[in-house]
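Here is a short tour for a structural biologist. Have the sequence and the 3D view open side by side, and follow along at your own pace.

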Amino acid sequence: MAAYLSRLHHISLNVSNVDKVAHELVSRFQFNVFAARLTDRAKQLALCRGSAVFVVNERPNEARRRLNGHQSRVWSSVIAREHRDLNCLYGAHAHYPVDTVSNVCFEVDDVQSASAALRDRGLCEFLQPPTEVRDDSGRLTFSIIRSPVGNVCHTLIDRSQYQGLFLPGFHQVGSDSQTAGRSQCPITHFDHITYACPRSSTAHITRWYHNTFGFQRFFIDRNEDVDEGYVLNHDGIGLRLTAMEYWKCSESGITLPFKDEKEPDCKFVIAESLPEQGRNQVDTFLDQHRGAGIQHIGLYTEDIVRTAQTLSQAGVQFFSPPPAYYTEVGKQEEIVAAGHDPHILSQYGILLDTDIHRDTDNQRYLLQVFTKPIFGEDTFFLELIERRGATGFGEGNIRALWRSVQAYMENEEHDETERVNKQS
Ligand SMILES: O=C(O)C(=O)Cc1ccc(O)cc1
Ligand SMILES: [Fe+2]
């Protein structure tokens with residue numbers, strides 16, 4: 001049997017400079033630091049906005065380098081011996097050459113039995129067997145498994161015996177920050193996580209998530225082929241998208257014992273590049289990230305315009321579609337019919353997709369915008385998404401999002417070529 005997940009708990013980032021990335025998330029993206037674990041070997045900060053929680057971990061080679069700089073040489077042997085401890089608590093696999101989103105942590109009912117079931121079936125590789133951690137607020141068991149996607153791992157935790165604010169080892173930071181600024185930035189949860197994956201790897205990944213956690217396929221398009229996924233392979237777009245969701249387990253009658261209310265679903269999207277249309281943003285991610293991984297995370301907001309305004313004022317940069325997007329025949333009318341102002345949407349690069357519900361004939365809307373990459377490389381970025389009835393991903397938005405990123409990357413490559421040419 002698969003190990004059923006009760007909810008997504010947090011997502012970890014492993015970066016070379018925690019302060020820099022945390023500052024970006026706080027000052028620009030309006031996240032609040034609410035818990036921290038600071039030891040002489042590890043630095044971990046937990047930040048939240050609504051139920052979206054990021055843990056930012058410092059990559060251990062950096063912690064070691066700084067420690068070496070500060071301490072006498074005698075320390076080197078101690079550091080070497082305790083190298084394993086440099087790994088951040090609840091994370092594994094921490095050594096990675098570039099800043100990366102490395103772990104999606106889930107709560108499960110019982111880590112011991114979930115891990116035993118997965119191990120007995122030989123379904124996955126454990127990076128950490130079930131391990132108990134305690135502090136004054138109780139105890140918690142966790143294990144860590146490797147996912148089939150690049151450096152991505154999943155920590156499974158059972159926090160039913162833990163009464164503290166976050167996780168054992170973390171202390172509370174700040175106060176009452178959970179609701180601050182909510183009206184200006186109503187981000188409530190993680191909407192979806194998109195993986196950038198090598199060609200022909202999708203089938204293996206979807207099978208693994210189905211067998212391991214009981215994920216179900218989520219069809220992006222009603223005409224989508226079960227095996228092929230949703231394929232866009234013309235007009236310069238070479239993309240195969242396949243989506244999965246995990247809340248079907250509750251709908252199929254399995255009760256989730258300790259949930260008071262149903263958490264919003266977080267979908268997983270697998271993006272594969274197709275070769276026919278030339279190099280693209282998925283290829284760029286795989287190169288610069290040095291392998292498959294989390295390409296972007298969609299942050300759900302109840303008001304995308306207000307959120308984009310607030311974030312933009314705070315210095316967040318968004319990708320914009322070609323200006324013609326907002327003046328295309330029908331687009332303006334579509335935007336107005338959805339109650340929005342085309343001029344305001346164009347100011348922030350917000351895209352709108354409409355579909356009509358097959359049975360009720362109701363109009364459903366989807367609004368999205370991508371931010372520019374967060375780290376030093378052209379790798380990970382965030383997305384804002386507001387859903388008005390639409391539960392999937394609209395074809396029009398996928399095309400426009402793709403083009404907005406592609407235009408930026410091609411410009412960057414052009415600038416880089418110019419720079420190199422000038423130098424030589
Ligand atoms: O539409 C979305 O939000 C997606 O997540 C689909 C997607 C995936 C990868 C891309 O490079 C562009 C778009
Ligand atoms: Fe997305």
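In this predicted model, an oxygen atom of ligand 1 lies 3.3 Å from an N or O atom in the side chain of H192. Two further side chains, those of H296 and Q368, also place a polar atom by a ligand oxygen. The table sets these contacts out for easy checking in your viewer.

| Side chain | Partner | Distance |
|---|---|---|
| H192, N or O atom | oxygen atom of ligand 1 | 3.3 Å |
| H296, N or O atom | oxygen atom of ligand 1 | 3.0 Å |
| Q368, polar atom | oxygen atom of ligand 1 | 2.9 Å |

How much of the area that ligand 1 exposes when taken alone does the protein bury? Taken alone, ligand 1 exposes 340 Å², and the protein buries 100% of that. The space that ligand 1 takes up is also the largest cavity.

Now let us look at the surroundings of the ligand. A shell of 14 residues surrounds ligand 1, and the closest are Q281, Q295, H296, Q368 and E383. By type, the shell divides into 7 nonpolar residues, 6 polar ones and 1 charged one.

Which elements each supply at least two residues of this shell? They are the strands β10 (187–197), β15 (293–301) and β17 (363–370), together with the helix α12 (395–423). Of the shell residues, the largest share comes from α12, which gives 3.

Next, please turn to E272, which is found in strand β14 (residues 267–273). Is E272 buried or exposed? E272 has a relative accessible area of 2%, and because buried means under 20%, E272 counts as buried. Its side chain has polar partners: one is the side chain of T202, with a polar contact of 2.6 Å. A polar atom of the E272 side chain also lies 3.0 Å from the backbone nitrogen of S200.

A last stop is R41, in the loop between β2 (32–38) and β3 (43–49). R41 has a relative accessibility of 21%, so R41 counts as partly exposed; the range for that label runs between 20% and 50%. How far is the C-alpha atom of R41 from that of E58? The two C-alpha atoms are separated by 9.5 Å, while the residues are 17 apart along the chain.

Notes: Residues are numbered from 1 along each chain as its sequence is written. Chains are lettered from A and ligands numbered from 1 in the order in which they are written. This is a predicted model: local features need pLDDT of at least 70, side-chain atom pairs count only at pLDDT 80 or more; totals for chains, interfaces and linings use all residues. Side-chain values use heavy atoms; hydrogens and water are left out. A residue is near a molecule or strand if one of its heavy atoms lies within 4 Å of it. A polar contact is a pair of N or O atoms within 3.5 Å; within protein, one must be able to donate a hydrogen and the other to accept it, and residues adjacent in sequence count only if both atoms are side-chain atoms. Accessible areas come from the Shrake-Rupley method with a 1.4 Å probe; for residues, only the protein chains shown count as cover. On a 1 Å grid over the protein atoms alone, a cavity is a set of points where a 1.4 Å probe fits but cannot get out, and a pocket is an open set with protein on both sides within 12 Å along at least five of seven lines; lining residues have an atom within 4 Å of a point. A molecule sits in a cavity or pocket if more than half of its atoms lie within 2 Å of its grid points. Helices (H or I, at least four residues) and strands (E, at least two) are DSSP runs, numbered from the N terminus. Ala, Val, Leu, Ile, Met, Phe, Trp, Tyr, Cys and Pro count as nonpolar, Asp, Glu, Lys and Arg as charged, and the others, Gly among them, as polar. Buried means under 20% relative accessible area, exposed over 50%, partly exposed in between (1.4 Å probe, protein chains only).
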